[in-house]
Amino acid sequence: MGSKFKNFSLISLGLIAGVGVTLQFDAIAQKAVTAPLPLEELRQLSDVFGLIKSDYVEPVEDKKLLTEAISGMVASLDPHSAYLDKKAFKELREGTMGKFVGLGIEVGMEDGYVKVISPIEDSPAYRAGLKAGDLITRLDSTPVKGLTLDEAVKKMRGEPNTKITLTIARKNEDKPLVVTVQRQEIRVQSVKSKVVEPGFAWIRVTQFQDRTVEDLATKIAAIYAQEPNLKGLILDLRNDPGGVLPGAIGVAGAFLPKDAAVVSTNGQLASSKATFYAKREYYTSGPGGNDPLAKLPDAVKKVPMVVLVNAGSASASEIVAGALQDYKRAVVMGTQSFGKGSVQSVISLPPDKETAVKLTTARYYTPNGRSIQAKGIVPDVMVDEYADGDGLNGFRLHESDLTKHLTNDKDKDANVARPVVADPEEEQRLAAIEKKRKPMEFGSSDDFQLAQALNQLKGQPVKVSQVKPEVRAEGEKDDKPIKEQKEEKKAVPKSDKKSDKNTDKPKDDKK
């Protein structure tokens, strides 16, 4: 199994140009072409190439024409496929170590503009007030319209301490916003933790990196040193855009039964048909690596848990939430996650292998065979971000909102367009509330969802959302919307005998 994992080494970290994209590093040099080449279409491409060379107003280099042709061809497939030049390929690999120079935003393309998926916590973009859903229309004096995503990202990257001016189109704003952001080396702290009150701890994974599993193990050990009789644990994955897959497997494996299946993938390639388990070889590098989870206290496998997710939880974070939900190991709480459930293979190109193509090659599935793509994880308990039930869940950006997104092959309902709010006055009212609010500081005393997670663990009333999830979970009866449920929902006490089922292996209903 170790060799299989080496051949399918996945990461899900975007180069701050995509949402939690999941990547497989591979080589293309020895891959055989399995289908005959479309000679007529290639001849037409050759004719256009020759026409540009002979008739265009000024000379154009061959390399530029061919590179742009490759870039456009790949980018036309879906929001996460792209051509990577030398610089972009290098930055992608560096990003898995949790540091890069830039603005600190996860972005995609929408109608020719750069769309902010999520600002990274504590980044320059986050501090400048950029929000999910913002459209970047200009980079300094350069219009974004006409640029590829890769070209736009290059302009946003740069040297530390240099500045860039972004022109932003924000929903319900009459005029464009002009924001100046200073580029910095972004060092993302992968794991944060604290004891929020006696007997209850909070662990936040901001991004899945190469050292996330080791950092998680260190944080858990410190928590148990302080609270040896821990009564409840909250795993916070809100606004976590993804990261390296081994990190996701290790984080899930810390709380799941030994050797449990965590996630599976499926695509056209034989190597894309794989299942990944909570085993050392799947979350550590090298066959002889130390197991960072080996010395964790046994109690961490049984401590009552709540997992917090929101629309900014994508890819690797959805893998963790989905696995813990399928095994009934934790109660998933918050709002519906982003729905980034596809795998991107990074295939280095000859002759120097310093450029690459990032190509979607598979979909992700939870242990029960649920497809994450374009649907995400629907929480067991829906809880709004704020105590006043702001109703903004329907305005949050999801994978299904992106142009040319990959469909969900398991759930037809997930491919239906999300309903548009028909009341413009209500939309404006909610937008006005949103403008006045400061960015949420996760883990603070004002964190409403964290407070509800504590209530869940204590068996106290939880204030559930009045907003129904966009799509239903498999098997869920559509007989009563959430708004008709009781607002105050009591948690199952941790002493309930049914909690013994947390270690049951989920049913495999994929086939």
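Leaving aside neighbours within four places in sequence, Leu235 is in contact with ten side chains or backbones listed here by name: Ile203, Val205, Val251, Phe255, Met305, Val306, Val307, Leu308, Val320 and Leu324. The model is predicted. Leu235 also belongs to the largest nonpolar core, which has 53 residues. Within this core, Leu235, Leu237, Phe255, Val262, Val307, Val320 and Leu324 touch the most other members. Helix α8, residues 245-255, gives the most to the core, with seven residues. Another core lies apart from it. That second core has 20 residues, including Leu130, Leu139, Val144 and Ile168.

The strands form an open sheet of six, in the order β12-β13-β14-β17-β18-β21. Pairing in the sheet is mixed. Its edge strands are β12 (191-197) and β21 (381-382), and each of these pairs on one side only. β12 and β13 pair in the antiparallel sense over six bridges. In this pairing, Ser193 stands opposite Ile203 of β13. The two strands form a hairpin with two residues between them. Gly199 sits in the turn and has a positive phi of about 90 degrees.

Strand β13 (residues 200-205) is largely enclosed by the rest of the structure, because six of its six residues are buried. Both faces of the strand are covered. Phe200, Trp202 and Arg204 are buried on one side. Ala201, Ile203 and Val205 are buried on the other. β13 pairs with β14 in the parallel sense, over five bridges. Here Arg204 stands opposite Asp236 of β14. Strand β14 (residues 232-236) in turn pairs with strand β17 (residues 305-309), again in the parallel sense and over four bridges. On that side, Asp236 stands opposite Leu308 of β17.

Salt bridges were examined next. Side chains of opposite charge can pair when their charged atoms come close. The structure holds 13 salt bridges. One of them joins Glu354 to Lys86, with the closest N and O atoms 3.3 Å apart. Glu354 lies in the loop between β19 and β20, and Lys86 in helix α4 (residues 86-95), so the pair ties together parts that are 268 residues apart in sequence. Glu354 is partly exposed, at 38% relative accessibility. Lys86 is also partly exposed, with a relative accessible area of 44%.

A salt bridge also links Arg238 and Asp447, and its closest N and O atoms are 2.6 Å apart. Arg238 lies in the loop between β14 and α8, while Asp447 lies in the loop between α11 (424-436) and α12 (448-458). The pair therefore ties together parts that are 209 residues apart in sequence. Arg238 counts as buried, at 0% relative accessibility. Asp447 counts as buried too, at 2%. Salt bridges that share partners join Arg204, Asp236, Arg238 and Asp447 into one network. Two members of this network, Arg204 and Asp236, stand opposite each other in the pairing of β13 with β14. A further salt bridge runs between Asp215 and Arg211, with the closest N and O atoms 3.7 Å apart. Asp215 is partly exposed, with a relative accessible area of 24%.

Several loops carry notable backbone geometry. The peptide bond from Pro350 to Pro351 is cis, with omega near 5 degrees. Pro351 is found in the loop between β19 (342-349) and β20 (355-365). Glu354, the salt-bridge partner of Lys86, lies in the loop between β19 and β20 as well. Asp111 has a positive phi of about 55 degrees, although it is not a glycine. Its place is the loop between β5 (105-110) and β6 (113-119). Asp111 is exposed, because its relative accessible area is 56% and the cut-off is over 50%. Asp140 likewise has a positive phi of about 55 degrees and is not a glycine. Asp140 lies in the loop between β7 (135-139) and β8 (142-143). At 42% relative accessibility, Asp140 counts as partly exposed.

The surface also bears a nonpolar patch. Leu37, Leu39, Leu42 and Leu45 form this patch, with about 390 Å² of accessible area together. Leu37 is exposed, with a relative accessible area of 55%. Leu37 lies in the loop between β2 (22-27) and α2 (39-55).

Conventions. Residues are numbered from 1 along each chain as its sequence is written. This is a predicted model: local features need pLDDT of at least 70, side-chain atom pairs count only at pLDDT 80 or more; totals for chains, interfaces and linings use all residues. Side-chain values use heavy atoms; hydrogens and water are left out. Patches are made of residues with over 30% relative accessible area and no salt bridge: like charges are joined within 9 Å, nonpolar side chains (Val, Leu, Ile, Met, Phe, Trp, Tyr) within 5 Å. Accessible areas come from the Shrake-Rupley method with a 1.4 Å probe; for residues, only the protein chains shown count as cover. A salt bridge is a side-chain nitrogen of Lys or Arg within 4 Å of a carboxyl oxygen of Asp or Glu. Buried means under 20% relative accessible area, exposed over 50%, partly exposed in between (1.4 Å probe, protein chains only). A nonpolar core is a set of buried Ala, Val, Leu, Ile, Met, Phe, Trp, Tyr and Cys residues joined through side-chain atoms within 4.5 Å. Contact means heavy atoms within 4.5 Å. Two strands pair if DSSP finds at least two bridges between them.
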